[in-house]
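Please examine the structure shown here before reading the report on it.

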Number of protein chains: 2
Amino acid sequence: MAIDATTPWEALTPLSFLERSGAVFADRTAFIDGASRLTYGELFDRVRRLAGALREQGIGPGDFVAVLAPNRHHLLEAHFGVPATGATVVPLNTRLATPELTYILEHCGARTLLVADELAERGVPAADDAAHDIEVVHLGGSRDTYEQLLAAARPWWQRPDDEGSLLAVNYTSGTTGRPKGVMYHHRGAYLQGMAMALHSRLSSDSTFLWTLPMFHCNGWCFPYAVTAVGATHVGLPRVDPAEIWRLIEEHDVSHLNAAPTVLIDLVRHPDARPRPEHRPIQVATGGAPPSPTLLEQLADLRIEVTHLYGLTETFGPSVICEEPPEWRDLPADQLARRKARQGVPNAVGGRIRVIAPEGTDVPADGQAMGEVALRGNTIMAGYLHDAEATRQAIPDGWFRTGDLGVMHPDGYVELRDRSKDIIVSGGENIASIEVEQAIASHPAVAEAAVVAGQHPRWGETPVAFVTLHADATVSAEDLIAHTKQRIASYKAPTRVEFRELPRTSTGKIQKYRLRELANDAE
Amino acid sequence: MAIDATTPWEALTPLSFLERSGAVFADRTAFIDGASRLTYGELFDRVRRLAGALREQGIGPGDFVAVLAPNRHHLLEAHFGVPATGATVVPLNTRLATPELTYILEHCGARTLLVADELAERGVPAADDAAHDIEVVHLGGSRDTYEQLLAAARPWWQRPDDEGSLLAVNYTSGTTGRPKGVMYHHRGAYLQGMAMALHSRLSSDSTFLWTLPMFHCNGWCFPYAVTAVGATHVGLPRVDPAEIWRLIEEHDVSHLNAAPTVLIDLVRHPDARPRPEHRPIQVATGGAPPSPTLLEQLADLRIEVTHLYGLTETFGPSVICEEPPEWRDLPADQLARRKARQGVPNAVGGRIRVIAPEGTDVPADGQAMGEVALRGNTIMAGYLHDAEATRQAIPDGWFRTGDLGVMHPDGYVELRDRSKDIIVSGGENIASIEVEQAIASHPAVAEAAVVAGQHPRWGETPVAFVTLHADATVSAEDLIAHTKQRIASYKAPTRVEFRELPRTSTGKIQKYRLRELANDAE
């Protein structure tokens with residue numbers, strides 16, 4: 001029985017979070033950016049001025065405004081100020097080269113580019129090279145035009161009438177092919193923001209350090225989550241372990257999000273020490289499961305880790321390794337194995353399946369592999385201007401992640417591999433992640449990545465690329481022997497190379513590069 | 001620019017919270033009911049069996065199922081199990097008399113009544129007296145038919161396709177006139193549940209004691225909030241301070257909600273003592289602002305209070321006295337004054353206004369009085385079968401609360417009085433709440449209620465009804481003198497009576513009874 005609401009529903013939108021905190025937490029510090037501070041009252045005022053300035057440039061619904069900026073206040077302001085005009089914000093990956101930026105600016109038809117001073121060298125030519133005219137606004141530095149615009153602007157603020165409106169487009173990092181523009185609606189961003197606040201236990205007491213790029217999946221929707229509760233954002237223009245430790249200490253940071261790589265750097269850094277005078281730090285991590293060794297080292301530093309999983313297409317982490325309190329009674333190695341799972345849909349995260357090639361669910365036995373598929377309110381509306389890619393990704397209402405995993409009997413999903421990363425050796429499927437974890441369990445190993453190398457007899461064979469802890473040594477032979485003690489011999493690497501791991505601009509290991517390396521050297 | 005979702009959105013419904021926790025927290029204790037325990041796995045199974053049993057009785061969309069039960073597991077099961085059939089749950093006030101129950105059962109046309117053994121004496125005749133046939137299911141006791149039904153049922157579970165579907169009808173307590181049936185939709189209950197979890201900082205570690213009636217505004221949507229995070233519910237069939245203290249100790253309770261009256265009883269009880277071996281207790285309270293004295297006494301017991309405000313029509317507390325951390329630096333009396341405010345819309349709570357009789361907003365000066373009005377996603381869909389009352393309550397999309405208040409410059413609303421409780425003396429408006437707080441600041445006073453008495457010269461005059469702390473004494477004269485030291489003399493009561501305060505079944509002070517008493521004795 002459906003009923004008509006007598007009071008009109010309000011569209012769910014993350015803009016409502018800033019509107020509320022701008023009033024309720026008006027005098028509270030919203031953003032710490034080096035030596036400068038913005039209160040929520042000031043932030044809300046600046047955001048409204050940005051919206052007003054953009055409107056005066058003719059920006060409104062249907063338009064796209066791109067931003068190329070590090071994790072400073074400008075980018076947070078744009079996350080709210082652009083949608084407040086009805087336009088769509090396009091946060092750009094700060095590590096892209098000029099031609100890649102031009103491609104994106106042209107693809108979405110950006111009318112305006114906000115570009116940080118330190119990125120102008122790549123950003124301005126990218127706008128110049130585009131086939132259409134793009135208004136460039138300089139953020140900070142000697143060429144700053146942003147502050148003038150804000151000072152002269154008539155404030156503007158409007159929430160969307162339709163929660164299905166286009167809030168943002170986030171381009172995939174595009175390890176293969178051209179980047180695709182992932183469309184975010186207001187409803188999904190609102191709900192994901194609520195879920196992130198709830199699961200991270202954010203409150204107005206929290207201080208959130210921006211180690212995760214704010215351009216990446218809209219910063220996992222933490223711009224909204226942190227703002228919703230009136231917590232303090234701490235900017236971080238560049239990921240630098242010494243600076244992170246300094247800021248943690250100076251501002252008594254309670255929360256940060258980071259890939260395991262960043263966590264490894266933090267643990268290795270000479271400033272790493274438990275800080276009993278500070279509160280524990282809640283860390284959400286994604287990308288790769290944290291190894292048992294890393295989890296232990298982090299626990300010693302009073303850093304509590306939650307493992308999340310998601311993609312640009314899912315508004316960031318739509319799956320969380322939820323830890324029932326009972327898990328704490330598990331022995332450390334069992335706990336680490338549980339925490340390495342990707343988990344279950346978050347509180348707003350819809351549904352998850354693991355699908356066999358023939359389209360049926362694989363048995364929930366923790367063994368049978370299939371492709372992870374998701375549906376719900378936090379799945380993208382599709383790829384911008386690419387109906388065909390959208391149809392392939394969401395053929396039947398279920399978004400195909402391209403990740404292979406198993407379903408455990410308790411409903412937790414655990415990834416085994418990216419579809420294309422699986423190693424097929426002598427007809428047997430080998431999950432590279434399993435090999436990686438076996439290698440990483442050696443005390444000398446900091447990180448390991450395993451890919452398929454060509455093999456004359458078996459077709460493919462696991463090849464391992466490994467970085468060691470500072471001052472640690474181990475031979476390839478010993479590492480292979482160590483691995484064979486943990487997993488079946490046929491899964492052990494036949495070759496081990498010691499080297500730094502190549503990464504995408506968002507910190508993912510570039511396995512395709514490693515595959516080239518594995519086969520070049522063959 | 002609106003976009004079409006390629007993956008269908010899922011209807012927002014609190015049913016999704018149980019579905020998720022039934023899987024994720026399957027082995028975790030969901031409900032403690034005396035000596036018995038239900039895990040979330042068991043709870044979900046029982047709920048599905050209840051839904052299956054109801055369907056076998058022909059219950060489905062468009063039907064109403066009423067429940068008359070104390071705060072035990074049956075009522076929580078019904079909050080999920082009835083809507084899982086597509087039908088609407090009608091939680092009944094356990095203190096109503098038989099004819100009142102009959103009125104409600106007839107008004108909504110309930111097809112089934114679930115009735116607890118201890119309430120059968122009033123509930124069964126109420127169903128018998130109704131003009132239509134009502135199937136009665138007995139919960140517990142020697143006549144139990146519920147467990148048989150569950151045991152024989154084929155489990156059933158279906159979420160609504162439309163988040164505007166009718167989840168529940170909650171009848172107002174009806175201090176004047178017939179109770180009205182307030183219609184709750186799934187969307188509002190889902191969002192309100194999220195907000196309550198977020199603001200109360202509930203997590204899977206929490207233990208929630210059911211001091212607030214679960215029938216009252218759907219238990220402020222805490223049945224969903226507590227379930228969403230996988231926390232443990234603790235049942236409480238009857239509000240008894242000794243039992244509350246015992247359960248707090250036995251289960252290390254972290255959260256409860258209660259009217260100030262219950263908190264006063266807790267503070268007064270001989271078992272009241274700080275429990276340093278336990279965690280602090282988070283309490284949300286509504287109905288009346290907690291007095292400074294009560295706040296201090298609670299703080300000594302490590303009970304941290306948040307003041308909320310809402311009505312049945314707003315899914316419970318849609319307004320919260322949000323406390324920015326900076327408030328903690330305020331002197332105790334200033335902090336108490338701030339905490340006495342009703343506050344701001346909660347994180348999902350939409351918008352609030354204070355409206356003058358001519359329909360404009362009063363100045364936000366903390367002085368000008370007007371009627372508090374609300375709109376957003378957590379406003380009722382209307383009164384069941386009463387379009388005229390709905391139109392009066394929501395004439396223009398804004399729900400009129402009937403409460404008078406002021407808007408502070410920082411956007412916080414503070415109630416001054418129920419419209420009908422205001423005292424007009426010599427042409428001056430006196431807010432009874434201000435008089436009550438002045439009286440309650442006397443150390444001997446436990447609680448005070450002030451109403452208008454008739455006065456030959458001034459028209460009306462404040463008459464105070466006061467309860468004292470055990471062993472405390474104070475004369476009426478001294479109390480009037482004390483009050484005049486705090487507020488203008490014309491606002492001081494001209495008469496003070498010492499007596500217990502009459503209450504509605506939900507704990508609200510029955511001011512209309514006091515007005516009768518004030519004028520009977522005149």
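The report below treats the symmetry of two chains, their interface and one sheet.

This is a predicted model, in which local features need pLDDT of at least 70, side-chain atom pairs count only at pLDDT 80 or more, and totals for chains, interfaces and linings use all residues. Residues are numbered from 1 along each chain as its sequence is written, while chains are lettered from A and ligands numbered from 1 in the order in which they are written.

**Symmetry.** A turn of 180° with a shift of 0.0 Å along the axis lays chain B on chain A with an RMSD of 0.1 Å (superposed by least squares on the C-alpha atoms of residues with pLDDT of at least 70 in both copies). That is the relation of a two-fold axis. The residue of chain B that comes closest to the rotation axis is B:Leu198, at 2.8 Å (C-alpha).

**Interface.** The contact (C-beta atoms, placed from the backbone, within 7 Å) takes 56 residues from chain B and 55 residues from chain A. The elements of chain B listed here each supply at least two residues to the side that touches chain A; helices (H or I, at least four residues) and strands (E, at least two) are DSSP runs numbered from the N terminus.

| Element of chain B | Residues |
|---|---|
| Helix H1 | 15–24 |
| Strand E8 | 181–185 |
| Helix H7 | 186–199 |
| Strand E15 | 344–345 |

H7(B) gives the most to this side, with four residues. Because 98% of the interface residues of chain B are also interface residues in chain A, the copies meet through the same surface.

**Sheet.** In chain B, nine strands form an open, mixed sheet in the order E2-E1-E10-E9-E11-E12-E13-E14-E15, where pairing requires at least two DSSP bridges between two strands. Strands E2 (36–39) and E15 of chain B stand at the edges with a single partner strand each, so one side of each is left without a neighbour in the sheet.

Key: Contact = placed C-beta atoms within 7 Å.
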